[in-house]
Amino acid sequence: MAYWLLKSEPESWSWEQQVKRGAQGEVWSGVRNFTARQNLKDMKKGELAFFYHSNVGKEIVGIVEVIRESYPDPTDEKGVFLVVDVKAVKPVPKPVTLVAIKADPRFAEMALVKYARLSVQPVTEAEWRLVCQMGGLA
């Protein structure tokens, strides 16, 4: 199983809104970066992703599950970009901030540190476990 991180500006789409969607989940749309598009294409049903509030907060606040694999983004008129559907799984009891991640040398190679602007990122299994520990999930 692969792990991921999805970034969202909370004023556009927040963790609270994701939770309210319940089991039906929500389409993860609007991604307009080719590396992020490839990451969406690589996501498989059942895989997990951190839900990251960007701009405001800059912290991992929850975990979502991919419930539908990639398909054309309905908001993309040219038909170039993709989406997946995700549902909320659980909140992170102690949100893990970007500051905390950058301060820990074990995350030096994490995509969140190296490619700060990338909106859909892979997360290694080791990074996943560490973030879960920091967030009170392990």
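How many residues line the largest pocket, and which of them lie nearest its centre? In this predicted model, the lining of the largest pocket is made up of 18 residues, and those nearest the centre are K7, E9, S54, R117 and S119. The volume of this pocket is about 460 Å³. Sorted by class, its lining holds six nonpolar, seven polar and five charged residues.

The second largest pocket encloses about 150 Å³ of space. Its lining consists of K7, S8, W13, E26, V27, W28, S29, G30, V31 and S119. Two elements, β1 (3-8) and β2 (26-28), each supply two or more residues to this lining. The greatest contribution is that of β2, with three residues. By class, the lining of the second largest pocket comprises four nonpolar, four polar and two charged residues. K7 and S119 take part in this lining, and both are also among the residues nearest the centre of the largest pocket.

Attention now turns to helix α2, which spans residues 34-42. At the start of α2, the backbone nitrogen of T35 has a side-chain oxygen of N33 within 2.8 Å. Within the helix, the buried residues are A36, N39 and L40. These residues lie on the same side of α2, because the arc they cover around the axis is only 100 degrees. The elements that cover them include β1, β4 (59-72), β5 (82-97) and β6 (120-123). Strand β1 thus appears in two settings: it helps to cover the buried residues of α2, and it gives residues to the lining of the second largest pocket.

The loops offer further points of interest. S14 is situated in the loop between β1 and α1 (15-20). Is S14 buried or exposed? With a relative accessibility of 9%, S14 falls under the 20% limit and therefore counts as buried. When neighbours within four places in sequence are left aside, the contacts of S14 are with F51 and H53.

Another loop, between β3 (48-53) and β4, contains N55. K58 is placed in the loop between β3 and β4 as well. Most residues other than glycine have a negative phi. N55, which is not a glycine, nevertheless has a positive phi, near 65 degrees. K58 is likewise not a glycine, and its phi is positive at about 45 degrees. As for its surroundings, K58 has a relative accessible area of 41% and is therefore partly exposed.

Technical notes. Residues numbered from 1 in each chain as written. Predicted model: local features only at pLDDT ≥ 70, side-chain atom pairs only at ≥ 80, totals over all residues. Heavy atoms only, no water. 1 Å grid on protein atoms, 1.4 Å probe; cavity = no way out; pocket = protein on both sides within 12 Å on 5 of 7 lines; lining within 4 Å. Points joined across faces, edges and corners; volume = space filled by probe spheres on them. Nonpolar A, V, L, I, M, F, W, Y, C, P; charged D, E, K, R; others polar. Helix = DSSP H or I, 4+ residues; strand = E, 2+ residues; numbered from the N terminus. Buried < 20%, exposed > 50% of the residue type's maximum accessible area, 1.4 Å probe, protein only. Arc of directions from axis to C-beta. Contact = heavy atoms within 4.5 Å. Polar contact = N/O pair within 3.5 Å; in protein donor to acceptor, adjacent residues only side chain to side chain.
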